[in-house]
Amino acid sequence: MGAIAIRERLHDYIKIADDKKVKAIYTMIESDLQNNEWWNDKKLLAEFDKISDDFETGKEKGFTLDEMNVRLNKIKKQKK
């Protein structure tokens, strides 16, 4: 079974599971949930700030959404 199907089954199960099972599942993954709080990651936020500053000062060019779509479409065509 693929990851997408597993996610769907887990999502469906959690909607109907009793409180005890939901709390048990939460306990198993609680530390992972806390580690995924990217907004509390000072290193990552500093990198975002640097990228933003580089873009605003012209150090990095950046791309428009249209430019990115053209690039992505080229990549998709190459993979076919």
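Gln78 counts as exposed, at 66% relative accessibility; the cut-offs are over 50% for exposed, under 20% for buried and partly exposed in between, with a 1.4 Å probe and protein chains only. This is a predicted model, so to speak of local features takes pLDDT of at least 70 and side-chain atom pairs count only at pLDDT 80 or more, while totals for chains, interfaces and linings use all residues. Residues are numbered from 1 along each chain as its sequence is written, and side-chain values use heavy atoms, with hydrogens and water left out.

Gln78 sits in helix H4 (residues 65–79), helices being DSSP runs of H or I with at least four residues, numbered from the N terminus. Its C-alpha atom is 32 Å from that of Lys50, and 28 residues separate the two along the chain.

Lys50 turns up again next to Asp54, as the two side chains share a polar contact of 2.8 Å. A polar contact here is a pair of N or O atoms within 3.5 Å; within protein, one must be able to donate a hydrogen and the other to accept it, and residues adjacent in sequence count only if both atoms are side-chain atoms. Asp54 belongs to helix H3 (residues 42–57) and is buried, with 11% relative accessibility. Setting aside neighbours within four places in sequence, Asp54 is in contact (heavy atoms within 4.5 Å) with Lys59 and Glu60.

On to the rings. The whole structure holds 2 aromatic pairs. Trp38 and Trp39 make an edge-to-face pair, with 5.7 Å centre to centre and 80 degrees between the planes. Rings of Phe, Tyr and Trp (its six-membered ring) pair if their centres lie within 6.5 Å; planes under 30 degrees apart are stacked, over 60 edge-to-face and the rest tilted. Trp38 is partly exposed at 47%, and Trp39 likewise counts as partly exposed at 46%. Trp38 also pairs with Phe48: the centres are 6.1 Å apart and the planes at 70 degrees, so this pair is edge-to-face. It links distant parts of the chain, 10 residues apart, with Trp38 in the loop between helix H2 (19–35) and H3 and Phe48 in helix H3. Phe48 is partly exposed too, at 41% relative accessibility. Ring pairs thus join Trp38, Trp39 and Phe48 into a cluster.

Finally, there is Ile16, which lies in helix H1 and is exposed, with a relative accessible area of 71%. Ile16 is one of the residues in a nonpolar surface patch that also includes Met1, Tyr13 and Val22. Helix H1 (residues 3–16) supplies the largest share of that patch, 5 residues.

Conventions
Patch = residues over 30% accessible without salt bridge, like charges linked within 9 Å, V, L, I, M, F, W, Y side chains within 5 Å. Areas by Shrake-Rupley, 256 points an atom, 1.4 Å probe, with all protein chains shown as cover. Salt bridge = Lys/Arg side-chain N within 4 Å of Asp/Glu carboxyl O. Helix = DSSP H or I, 4+ residues; strand = E, 2+ residues; numbered from the N terminus.
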